[in-house]
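Student: Please put the structure up, and I will ask about its core, its sheet and one loop residue.

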Amino acid sequence: MIAALFVETNGVYFGLPGVEPWDLARDARLYAGPWPVVAHPPCERWGRYWSGGPSAKVRRLKGDDNGCFASGLSSVRRFGGVLEHPEGSAAWPVFGLFRPPKGGGWISAGDGLGWCCCVEQGNYGHSARKASWLYAVGLALPSLRWGKSQGKRLDEGFHSSEERRRARSARVAPRERLSKQQRLATPLAFRDLLLGMVESSSLAAMNQD
């Protein structure tokens with residue numbers, strides 16, 4: 001068995017034999033083992049627009065995810081598995097993890113337990129490049145499809161409403177962007193990659209003995 005934590009209700013991790021999905025309603029922070037995990041903790045408060053973005057009416061607090069990342073990280077460390085977050089996640093330095101190189105390859109996470117890498121989900125079927133950082137513990141580390149993929153930008157890259165207004169005044173046309181659902185989607189090939197990694201978990205056998 002593999003526990004899939006912080007996943008979308010009725011998403012790609014549901015209905016799979018040997019996979020126990022934990023969505024928002026089930027609250028993955030309550031997971032207490034014993035299975036190894038694939039963790040996708042929410043990233044909104046750790047990313048580029050942690051404050052809510054240039055048009056946000058309510059300002060958010062950086063890292064205020066109700067303990068989801070900390071819980072997912074703890075589960076990976078305790079039971080083995082892999083955690084996925086966007087490239088550049090502010091959670092990495094907050095939790096003392098090393099930033100992996102953009103070009104790919106596994107490096108020590110710096111915590112004496114795990115390994116990190118950067119991989120683009122565009123190499124596994126996502127419509128955008130969607131670079132992601134992985135943190136893995138107790139796994140056989142495979143060589144992934146490293147490097148730059150093909151795909152659309154996830155956003156227009158503006159840092160403020162004023163920056164957007166200046167671009168429109170200069171007649172810079174809006175770029176085609178993906179919907180929120182499209183951005184958050186996990187490609188089936190990437191899901192299968194993560195599940196396959198966790199199936200190799202040396203901690204999995206220990207937890208099931």
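Student: Which residues touch the most other members in the largest nonpolar core?
Tutor: This is a predicted model, in which local features need pLDDT of at least 70, side-chain atom pairs count only at pLDDT 80 or more, and totals for chains, interfaces and linings use all residues. Residues are numbered from 1 along each chain as its sequence is written, and side-chain values use heavy atoms, with hydrogens and water left out. A nonpolar core is a set of buried (under 20% relative accessible area, 1.4 Å probe, protein chains only) Ala, Val, Leu, Ile, Met, Phe, Trp, Tyr and Cys residues joined through side-chain atoms within 4.5 Å. The largest has 26 residues, and those touching the most other members are Leu-5, Tyr-31, Phe-69, Val-76, Leu-83, Trp-92 and Tyr-135.

Student: Which element gives the most to this core?
Tutor: Helices (H or I, at least four residues) and strands (E, at least two) are DSSP runs, numbered from the N terminus. Two or more residues come from each of β1, β3, α1, α2 (91-94), β6 and β7. With 5 residues, the largest contribution is that of α1.

Student: How many residues are in the second, separate core?
Tutor: Among its members are Val-38, Val-119, Leu-144 and Leu-194. The count for this second core is 21 residues.

Student: In what order do the strands stand in the open sheet?
Tutor: Strands pair if DSSP finds at least two bridges between them. The sheet has 7 strands and its pairing is mixed. β1 (residues 2-5) and β2, for example, pair in the parallel sense over 4 bridges. The order is β2-β1-β3-β4-β7-β6-β5.

Student: Why is one side of β2 and of β5 left without a neighbour in the sheet?
Tutor: β2 (19-22) and β5 (107-108) stand at the edges of the sheet. One side of each lacks a neighbour because each has a single partner strand.

Student: At about what angle does helix α5 run to β4?
Tutor: Axes are lines fitted to C-alpha atoms, for helices over the stretch in contact (heavy atoms within 4.5 Å), and angles run from 0 to 180 degrees between N-to-C directions. Helix α5 (residues 188-199) lies across β1, β2, β3, β4, β6 (115-120) and β7. Its angle to β4 is about 145°.

Student: Is Thr-186 buried or exposed?
Tutor: Thr-186 sits in the loop between α4 (180-184) and α5. Leaving aside neighbours within four places in sequence, its contacts are Val-12, Tyr-13, His-40, Gln-121 and Arg-191. Its relative accessible area is 17%, so Thr-186 counts as buried.

Key. Buried means under 20% relative accessible area, exposed over 50%, partly exposed in between (1.4 Å probe, protein chains only).
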